[in-house]
Amino acid sequence: MPSLSSGLLGDLDPTSDRAVFRQIADQLREAIDRGRFKEGEKLPSEAELVEHYGVSRMTVRNSFSVLQGEGLVHAEHGKGVFVRPRPPVRRLASDRFARRHREQGKSAFIVEADAAGSHPQVDSLEVKEEKASQDVSTRLGSVRRVLARRRRYLLDGRPVEFATSYLPLDIARGTPIAEPNPGPGGIYARLEELGHRLDHFEEEIRARMPSPDEVRTLRLASGVPVIHLIRTAFDQEGRVVEVCDTVMAADAYVLSYQLPAT
């Protein structure tokens, strides 16, 4: 890490109405944005910042808290504060469910992991029949019970999302879809083999702060939001064949879309 005397960080403005700890946070944030501190790199220590700015340790800690709350940095006990890595996975909506991937025996998650150069895993798998919630029932056409497939996805050992797929029992019961491992290409490949050729998907996306359970499941650091995505899959007959409720660690993904100009 370059020394603070090399112009890495500026000076405080004593005439500013902005609180000192926020001024320090502003300077650290700008240095991160400009690449002066790289992904995974350790920020200056509390002692270094205290000496540089002539402030108390509590002021420096408040500055770090601001950056942690924004999800820019994370603290490691006994080691220091580090710049959080940028999202490693680019999720390209126009390509991730392309039929050619299914025909190659690859699920969308495996395709994305390959593109990111990461090792994909699925754990916490649960497959069972259950009563449909009001929302899921409405989306699937007023069904009462569904096959639910719950799983957590990891990249290089780190949890990045968990998802639950809900499918009508008259489609999924007694098929490979009801097995823990549905086979190459995942459940969409099996749906097409069962005669439900997929036509299109609709996705609803919102960002929010995670619940305590989501923090534990995804091992989220303080200040990291989640992306909540609900996807509905339609076959060529216009029938809804799956509803997928997904919660993703927002610091793990970039959502990328291609939109027509006309």
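A salt bridge here is a side-chain nitrogen of Lys or Arg within 4 Å of a carboxyl oxygen of Asp or Glu. Keep that in mind for this predicted model.

**Exercise 1.** Work out whether Glu-126 and Arg-150 form a salt bridge, and which strands they tie together.

*Solution.* Start with the distance: N to O is 3.4 Å. The cut-off is 4 Å, so the two side chains do meet in a salt bridge. Next, find the elements: Glu-126 sits in strand S4 (residues 120-131) and Arg-150 in strand S5 (residues 145-155), so the pair ties together parts 24 residues apart in sequence. Finally, look around: Glu-126 and Arg-150 are linked with Lys-128 and Glu-130 in a network of salt bridges.

**Exercise 2.** Classify the aromatic pair of Tyr-188 and Phe-201, then say whether each residue is buried or partly exposed.

*Solution.* The ring centres are 5.3 Å apart, with 50 degrees between the planes. Stacked needs under 30 degrees and edge-to-face over 60, so this pair is tilted. Now the surroundings: Tyr-188, at 7% relative accessible area, is buried, while Phe-201, at 25%, counts as partly exposed. As for location, Tyr-188 belongs to helix H8 (residues 186-193) and Phe-201 to strand S7 (residues 198-208).

**Exercise 3.** Find which helix gives the largest share of the largest nonpolar core.

*Solution.* First, the core itself: it has 20 residues, and Leu-28, Phe-37 and Leu-43 have the most contacts inside it. Then list the suppliers of at least two residues each: helices H1 (20-33), H2 (46-53) and H3 (57-69), plus strand S2 (80-83). H1 takes the prize with five residues, the largest share.

Technical notes: Residues numbered from 1 in each chain as written. Predicted model: local features only at pLDDT ≥ 70, side-chain atom pairs only at ≥ 80, totals over all residues. Heavy atoms only, no water. Phe/Tyr/Trp six-rings, centres within 6.5 Å; stacked < 30°, edge-to-face > 60°. Helix = DSSP H or I, 4+ residues; strand = E, 2+ residues; numbered from the N terminus. Buried < 20%, exposed > 50% of the residue type's maximum accessible area, 1.4 Å probe, protein only. Core = buried A, V, L, I, M, F, W, Y, C linked by side-chain atoms within 4.5 Å.
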